Amino acid sequence: MVEVLSARKKQVLEKGKDSFMLECEKPSAAGSVSQRACVFCGSRVVLYPIADALHLIHGPIGCAAYTWELRGSLSSGPELHRLSFSTDLREHEVIYGGEKKLYAALTELIVEYRPKAAFVYCTCIIGLIGDDVEAVCARVERERGIEVIPVHSEGFKGTKKDGYRAACEAAFRLTGKDNDAPVSHAGINILGEFNLAGETWIIKDYYRRMGVEIVSCLTGDGRVAEMGRAHRARLNVVQCSGSMTYLAKMMKEKYGIPFIRASYFGIEDMTRALYDVADFFGDAAIHENTRNLVSEEVSALLPALAEYRKELEGKKAAVYVGGSFKAFSMVKALRHLGMETVVVGSQTGSPEDYEYLKEITGEGTIILDDTNPLELSSFILEKGADLLIGGVKERPIAYKMGIGFCDHNHERKEALAGYAGMLNFAKEVHASVTSPVWKYAPARRGAGGSV
Ligand code: SF4
């Protein structure tokens, strides 16, 4: 029997046994040691891939170290995003204020690196000492002639989702600038796609083959100028809905651009995403191209998956990811490999998301919101999972439990989106789950694991 903190009792349920609505979208329970990232980290992950912008973290050096190179977002050009600049606030600034240091750092960095725009991230300490970051940014913007945008992401002021919102507000300030560059009648923006291990390029290639133009991708392989014309796309396609739906809503209100949700993971969701865009344009040529693309990709993929399925059939998986939209795709993708999801949860899911997870999972599945390592590892053992899908913070949990692990978070080095990504996913899951090393893990032997 897994012990759950009393403050979290309604954030964990077992399908078929518990009938209440899962509680979510609330601050982490004190003492829970949440796996969630802070508000600042939430905004940093969303804006990080904008490769020709300066990213300056206003706070102590630890905040910058925590988020340095936190995404495997590739760039086809400049790589300024990979540098993690910090104002490195010390005791002196905590007492007398950090505005002078911020002004000096911003000016020096803009002169040195000539970015196309600058983001200044506010961390916990800025919320406490009360620096007027808006005023400093406005001054530097006037003096240097580029957008200098404060990101109000003080770490303690909410959940990771509040960080997404702060990032969307900052990104929104870069839209609506360019009314001249030519844009196709079938132009879309991709939102919430971060070019991890080059995934944006895979997705862009699918749309190109369909005859659809990508006006802007926010923010994978992102460029400031490209974001300036995003307001002229006909449709916003929002992946990772937790992080970018807020921006899509702002763009709908200001520019009248409708949006749809999409996931590029797994066969069904990838295919659905392409057909939804084709349906939106209602263009016979785009439909025809989409049909050909899907048929070509799926017919090449299925036989390859069948090989991996032979050894994975009947294995069990636990999934814990940032956004629940990705969790939906994982549950479906694992079925193609013959695997059942026995534990699933997310850091930022909404009530509707968890209801949908209930619909698509089997009886007895544990569904969790904002879990902690103790709960996660206990449920993994109780349900006999052979694999954990998560991110960098979940990796040690899997290894301590003596089970396979697949990194599906923003640090991943393997492209997992699209049909090509589904094959990589199968390869990675197979290699990890069937590794002989697990039989030597003490926790695994104690739990009578199936490897
Ligand atoms: S913003 Fe606050 S919670 Fe986030 S890394 Fe910095 S100190 Fe930690």
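Mentor: Let's start with a rule: two strands pair if DSSP finds at least two bridges between them. We'll apply it to this predicted model. One such bridge involves V237, whose partner in β9 is I260.

Trainee: What makes β8 and β9 a pair?

Mentor: They are joined by three bridges, in the parallel sense. Pairing takes at least two bridges, so three is enough to call β8 and β9 paired. β9 covers residues 259-261.

Trainee: How do you know that β6 and β8 pair too?

Mentor: Same reasoning. β6 (residues 187-193) and β8 share four bridges, again in the parallel sense. The cut-off is at least two, so the pair qualifies. In β8, N236 is the bridge partner of N189.

Trainee: Why do you say both faces of β8 are covered?

Mentor: In strand β8 (residues 235-238), L235 and V237 sit on one side, and N236 and V238 on the other, and all of them are buried. In a regular strand, side chains alternate between the two faces of the sheet.

Trainee: Now the other sheet. What makes β3 and β5 the edge strands?

Mentor: That open sheet has four strands in the order β3-β2-β4-β5, with parallel pairing. β3 (85-86) and β5 (147-151) each pair on one side only, and that is what puts them at the edges.

Trainee: What joins β2 to β4?

Mentor: Six bridges, with the strands running parallel. At least two would do, so β2 (residues 53-58) and β4 count as paired. A53 stands opposite A117 in β4.

Trainee: Why is F119 called buried?

Mentor: F119 lies in β4 (residues 117-122). It has 28 other C-beta atoms within 10 Å. The label needs 20 or more, so F119 is buried. F119 also touches the most other members of the largest nonpolar core, along with A118, V120, V151, A318, V319 and L388. That core has 138 residues.

Trainee: Which residues is F119 in contact with, leaving aside neighbours within four places in sequence?

Mentor: L47, A53, H55, L56, I149, V151 and A170. A118 has contacts of that kind as well, among them A53, L56, L106 and I149.

Trainee: How are the residues around the ligand divided?

Mentor: The shell holds C38, F40, C41, G59, C63, Y66, T123, C124 and G155. Six of the shell residues are nonpolar, three are polar and none is charged. Gly counts as polar, so G59 and G155 fall in that group. Helices α1 (39-47) and α2 (61-67) each supply at least two of the shell residues.

Trainee: Zooming out, how is the chain divided into domains?

Mentor: Into domain 1 (6-25 + 309-447), domain 2 (39-172) and domain 3 (187-292). The centres of domain 2 and domain 3 are 27 Å apart, taken over C-alpha atoms. Their contact takes 21 residues from domain 2 and 20 from domain 3.

Trainee: Which helix gives the most to the side of domain 2 that touches domain 3?

Mentor: α7, with six residues. α1 and α7 (160-172) each supply at least two there. By class, that side has 12 nonpolar, four polar and five charged residues.

Key. Residues numbered from 1 in each chain as written. Predicted model: local features only at pLDDT ≥ 70, side-chain atom pairs only at ≥ 80, totals over all residues. Core = buried A, V, L, I, M, F, W, Y, C linked by C-beta atoms within 7 Å. Buried ≥ 20, exposed ≤ 12 C-beta atoms within 10 Å, placed from the backbone. Contact = placed C-beta atoms within 7 Å. Near = placed C-beta within 6 Å. Domains from an automatic or database assignment.
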